[in-house]
Structure formats: structure tokens, C-alpha cells
Amino acid sequence: MATVDRSHQLEHAGSAAAYNTSRGWAAALHEWTTTVDHKKIGIMYVLMSLVFLVIGGIEALLMRWQLFYPRAEVIGPSVFNQLFTMHGTTMVFFVGMPILIGIGNYMLPLMLGARDMAFPRLNAFGFWITLFGGLLVYLSFITGAAPEIGWFAYAPLTEHTFDRNGGTDFWALGLLISGIGTIGAAVNFIATILGMRAPGMTMRKIPFFAWTMLWTSFQMLLAIPPLTAALVMVLFDRQLGAHFFDVQNGGSAYLWQHLFWFFGHPEVYILILPVFGMVSEVIPVFSRKVLFGYEFMAAATMAIAFISLGVWAHHMFCVGMSRTLDLYFAAASLIVSIPTGIKFFNWLATIYGGRVSLQSPMLFSFGFLSMFLIGGLTGIMLAAAPFDFQLSDSYFVVGHFHWVLIGGTLFGTFAGIYYWYPKVTGRMLSERLAVWHFWLLYIGFILTFGPMHVSGILGMPRRIYTYDPSRDWEWWNQLTTIGALVQTPSYAIFVYNLIASLWKGKPAGDDPWDAWTLEWTTSSPPPSYNFETQPIVHSRRPLWDLKHPDDPDWQYE
């Protein structure tokens with residue numbers, strides 16, 4: 001009888017434990033789905049981006065598998081075009097922008113001494129509508145096929161004549177909806193930076209990451225609405241019989257290109273300016289020197305934001321613009337390299353003579369500097385209209401584009417993640433795994449995108465799903481595919497490092513890097529209210545002032 005009673009007790013205890021566990025999961029799910037805490041929203045943005053990064057990476061590997069051999073038949077041209085469209089769309093709209101918005105969401109209020117973003121509910125709305133937009137884009141597969149229009153969706157490919165299923169409609173609706181979330185994030189960042197700084201933190205004293213996020217947000221506000229208008233026109237053409245881009249009925253294919261690239265070129269800087277801010281936070285800390293030329297760097301950021309809005313048609317040198325327009329856009333494209341060069345030399349000046357520590361954030365910052373330099377140089381080459389005319393539709397442009405956005409954005413973003421992960425979790429990431437992550441990504445990156453420049457010069461067109469064996473492109477495509485395979489384990493190592501360190505990483509403490517900005521004055525991870533009492537700022541390095549009251553930073557300003 002006692003045995004029976006004991007079994008009943010164990011059964012009841014097990015049921016109670018399962019019930020409590022299920023209630024715990026339900027409570028956690030409710031908490032995260034209803035939160036307006038900028039930190040949790042920032043984490044969800046980053047996690048969403050990492051999931052889409054895996055999806056976009058799988059799409060890229062399938063395309064590279066198809067191109068490994070000439071005349072391969074791994075996937076057909078229709079599937080290749082679908083993967084091509086979804087890969088570009090995913091990486092630009094649902095990896096690049098959301099991960100940077102997420103990091104900005106988490107870190108900016110902490111860096112500014114605020115308790116949250118200016119509009120917490122708008123912040124939550126922006127995340128969920130961006131996620132919904134991404135899911136809507138991928139729902140295009142349920143129509144029988146995803147769109148086959150490229151991420152740039154050149155007219156008249158988007159017209160109903162050339163794409164009769166509903167994939168393009170889902171694509172346009174998804175981007176339109178996610179754009180609303182991006183605009184909401186931009187408004188929130190501007191209001192937070194301009195209106196919620198700690199007492200004493202003038203615009204000359206804000207962390208440099210805040211400067212770059214401010215101008216990125218202005219670019220979002222100016223660049224997203226033209227894209228939104230163009231997407232509405234696409235939907236009107238397809239569903240209501242309009243003829244905005246229908247050339248046979250008086251529309252203009254050039255109109256789409258102008259509207260799209262008015263978004264598309266600032267988008268490059270929307271993706272890279274926040275990364276400039278991240279490495280501008282990392283390099284001084286790991287060089288043990290203040291950021292060289294802060295005012296010049298801030299002015300250069302503003303100049304990049306404005307000049308980039310006036311160079312969109314350098315993507316259109318081959319469409320038959322006038323010589324006057326070609327000259328203007330070539331000159332403007334070259335001019336934008338001047339403020340970018342100012343930033344580059346200021347980073348080098350910050351490193352020069354410093355006590356450089358090659359820990360993971362600094363390692364990835366060096367990766368960013370080397371990669372962005374090469375990508376920037378090929379960008380200057382393509383800014384020359386005659387050179388661009390010869391290589392515009394070749395793999396040279398594919399190599400350049402990825403070199404800037406992956407070599408720049410991805411390496412710099414990883415520098416920021418390795419730098420701020422201890423603040424978010426209270427744990428340190430493994431430096432040994434970080435080194436493996438870096439070198440596999442670095443070597444794989446060079447193997448992937450370096451040969452693209454050569455195959456492009458040899459005449460390989462972009463946007464093709466196969467090629468003839470007599471073109472001497474096979475070797476270069478095989479190197480590219482091998483490089484993509486080398487990169488793949490680097491991402492797996494990174495994800496494993498994130499998860500494993502969360503449970504068994506070395507405790508970080510509040511300030512593991514001996515840093516200087518306000519986010520390191522609070523606990524790791526920070527409490528829900530960020531700061532118990534609002535900090536008062538006297539210089540650009542408020543934490544230095546606290547650590548060294550006998551030698552405060554403000555006395556040198």
C-alpha cells in the first residue's frame with residue numbers, strides 16, 4: 001500500500017512539475033511577445049536577423065553549387081532565379097538592416113543614459129511589423145513559386161505579363177510593410193538621440209555610435225518612402241491595371257530604376273554607417289587612446305549621409321543617360337570617397353601609437369578595415385562611367401558589392417557583437433572560438449569574392465544560372481564555391497559560441513574591457529530600468545571620469 005501511495009505521489013509531483021514548466025514557458029512567451037523594453041526588442045531584432053542569415057546563406061550555397069561546374073543541372077533556371085531574388089532580398093532587408101537596428105535598440109539608451117527609447121510602443125510595433133513583412137515575403141512560395149525578378153526587381157519583369165503568379169505581390173507587400181517598421185525605428189532613434197540624452201551630454205559629447213545612428217535614421221526617412229511609393233506602383237500595375245512601368249502602354253522602366261536606386265544607394269550607407277559607429281567605439285578602447293579627430297569624424301558622417309543621397313544613378317550608367325548626367329554622377333560618386341577616407345585615416349591615427357590589444361572585437365575591427373578598404377577602392381573604379389560601362393553587368397560588380405557589404409557590414413557587426421555581448425548576457429564569449437570564427441570567415445571571404453572580380457573581368461555576366469565550359473570561368477567559379485564552403489563553419493562556430501557562452505561563459509563583470517562609455521557603468525546584463533539614478537555627463541568618456549577623478553577627461557576639452 002505504501003508503494004502505491006509513493007507511486008501516486010511521484011506521479012503527482014511529475015505532473016505538477018510539467019504543469020509549472022509549461023506555465024513558465026507560457027509566461028516567458030507572453031513576456032517577450034508583449035514587451036516594450038528596448039533591450040528585449042533589440043535582442044529579438046538580432047535573433048530574427050540571424051535566422052534570416054541562415055536562410056539567406058543556404059540560398060547562396062545552393063546557387064554556388066549550381067555554378068560549380070559549367071552546364072550543371074543541380075537546379076533549373078526558374079529555381080535559380082527564385083533563390084537569387086530571395087537571397088538578395090533577405091540579406092539586405094531582413095539581415096542587414098534589422099541586425100543594426102537591433103544593436104542600436106539595445107545599446108543607444110544605455111549609451112545616452114536613458115531608461116528606454118523615446119517611443120517604446122512604436123519600438124515594439126516596428127519589430128513585429130518588420131518580422132511580419134519578412135514572413136510575408138517568404139509566403140510567396142505558397143503561390144507555387146517565389147518571385148523571379150531579382151532583389152532589384154527591374155521593370156518590366158514585375159509586370160503581370162512576365163510574372164503571372166502571386167509571388168511578386170507577396171514580395172512587394174512584404175517589403176512595403178517591413179518598410180513601415182524601418183521608418184518607425186528611424187523616428188524613434190532620432191527622437192531618442194535628440195531628446196533623451198543624460199544631463200550634460202551635449203551633441204559634442206555623445207558616443208560616436210550615436211552620431212552614426214542619427215544620420216542613418218535620417219537616411220532611412222529619406223530613402224524608404226520612394227521605395228514604398230514604387231512598391232505601391234508595382235501593386236497598382238499588377239492588380240489595378242495601372243501602367244507606371246508598362247512600357248508598351250506608356251509607362252517607363254527607367255522610372256522604377258530611379259525610384260529604386262534613390263533608395264538603393266543610400267541603403268549601402270544605411271548598412272555601413274552604424275558599423276562605422278561600432279568600430280569607432282571598439283578601436284579607441286582596444287588601442288587605449290581617445291578617438292582621433294572626433295569633430296572631423298562627425299562632420300564626415302554628416303557629409304556621407306547627404307552626398308550618398310545624390311549619387312543614386314551611378315547604378316544606371318548603362319541605361320543611356322546624357323553625358324552631363326553621367327559626368328555629374330561620376331563626380332558625385334568620387335566625392336563621397338573623401339569623407340569616407342577621412343574616417344579611415346582617423347581610425348588609423350587612433351590605432352597608431354596606441355597599446356593595441358588584439359582581442360576578438362579588435363580582431364574583427366581589423367578585418368573590417370582591410371576589407372572595406374579593398375571594397376572602397378573597387379567602388380572608386382566603378383564610379384568612372386567608362387569603366388563601369390564595361391563591367392556593369394559582370395561578376396566584378398557582384399564581387400565589389402559583396403566585398404563592401406559583407407567585408408564591411410558583417411565584419412564590423414561581429415566586432416560590435418563581440419564587444420557588447422558581455423554587457424547583454426553578463427558572460428564572455430570564447431576567445432579561442434572567436435579566432436576560429438574570424439580566420440575561417442576571413443579566408444573564406446577572400447576565396448569567395450576575390451575570384452568574382454577576375455571572372456567578371458574575363459567577361460562572366462552576373463545573374464546567369466550556368467555557363468559554357470569554353471569560357472575559362474570554371475576555375476574561378478570553383479574557387480568561389482569553395483570559399484563559400486569555408487565560410488559556412490565560421491557561422492556555425494559563431495552561433496555555438498553565442499549559445500554555449502550564455503550557459504558556461506566566463507562571468508564578465510560590469511566592465512570587462514575597461515571601457516569609457518555609459519553602458520559599462522550599469523550591471524551586466526542591465527536591469528529593466530537601465531540606471532537607478534540618471535547619470536550626469538561632463539565629457540565624452542564619462543566612465544573614465546568616474547575611474548580617474550584626479551584626471552578627468554573634461555579638463556582636456
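Visitor: Which helices each supply at least two residues of the lining of the largest cavity?

Guide: Keep in mind that this is a predicted model. Helix H3 (77–112), helix H5 (167–195) and helix H6 (208–240) each supply at least two.

Visitor: Which of them gives the largest share of that lining?

Guide: H5 does, with 5 residues.

Visitor: And how much space lies in the largest cavity?

Guide: About 80 Å³. The lining is made up of 13 residues, and the closest to the centre of the cavity are Phe93, Met97, Ser178, Gly179 and Thr182.

Visitor: How many cavities of 30 Å³ or more does the structure hold?

Guide: Just 1.

Visitor: OK, and how do the lining residues of that largest cavity divide by class?

Guide: There are 8 nonpolar and 5 polar residues in the lining, and no charged ones.

Visitor: Switching to pockets. How much space lies in the second largest one?

Guide: About 760 Å³. It has 29 lining residues, and Ile43, Leu47, Tyr421, Val424 and Thr425 are the closest to its centre.

Visitor: Which elements give two or more residues to the lining of that pocket?

Guide: Helix H2 (38–66), H3, H13 and helix H15 (474–504). H2 gives the most, with 7 residues.

Visitor: What's the class breakdown for the lining of the second largest pocket?

Guide: By class, that lining has 21 nonpolar, 5 polar and 3 charged residues.

Visitor: Now helix packing. How do the axes of H13 and H14 cross?

Guide: Helix H13 covers residues 395–425 and helix H14 covers residues 431–457; their axes come within 7 Å and cross at roughly 165 degrees.

Visitor: So are H13 and H14 roughly parallel or roughly antiparallel?

Guide: Roughly antiparallel, because the cut-off for that label is an angle over 145 degrees, and H13 and H14 therefore qualify.

Visitor: Left-handed or right-handed crossing?

Guide: The crossing of H13 and H14 is left-handed. As for the contact between H13 and H14, its residues are 17 nonpolar and 9 polar, with no charged ones.

Visitor: Last topic, aromatics. How many pairs does the count come to?

Guide: The count comes to 52 aromatic pairs. One of them joins phenylalanine 276 and tryptophan 347, with ring centres 5.3 Å apart.

Visitor: Why is the pair of phenylalanine 276 and tryptophan 347 called edge-to-face?

Guide: Because the ring planes of phenylalanine 276 and tryptophan 347 are at 65 degrees, and planes over 60 degrees apart count as edge-to-face.

Visitor: And where do those two residues sit along the chain?

Guide: In distant parts of the chain, 71 residues apart. Phenylalanine 276 is in helix H7 (residues 253–287), while tryptophan 347 is in helix H10 (residues 337–351).

Conventions
Residues numbered from 1 in each chain as written. Predicted model: local features only at pLDDT ≥ 70, side-chain atom pairs only at ≥ 80, totals over all residues. Heavy atoms only, no water. 1 Å grid on protein atoms, 1.4 Å probe; cavity = no way out; pocket = protein on both sides within 12 Å on 5 of 7 lines; lining within 4 Å. Points joined across faces, edges and corners; volume = space filled by probe spheres on them. Helix = DSSP H or I, 4+ residues; strand = E, 2+ residues; numbered from the N terminus. Nonpolar A, V, L, I, M, F, W, Y, C, P; charged D, E, K, R; others polar. Axes fitted to C-alpha atoms, helices over the stretch in contact; angles between N-to-C directions. Parallel < 35°, antiparallel > 145°, perpendicular 65-115°, else oblique. Left-handed = near helix turned anticlockwise from the far one by under 90°. Phe/Tyr/Trp six-rings, centres within 6.5 Å; stacked < 30°, edge-to-face > 60°.
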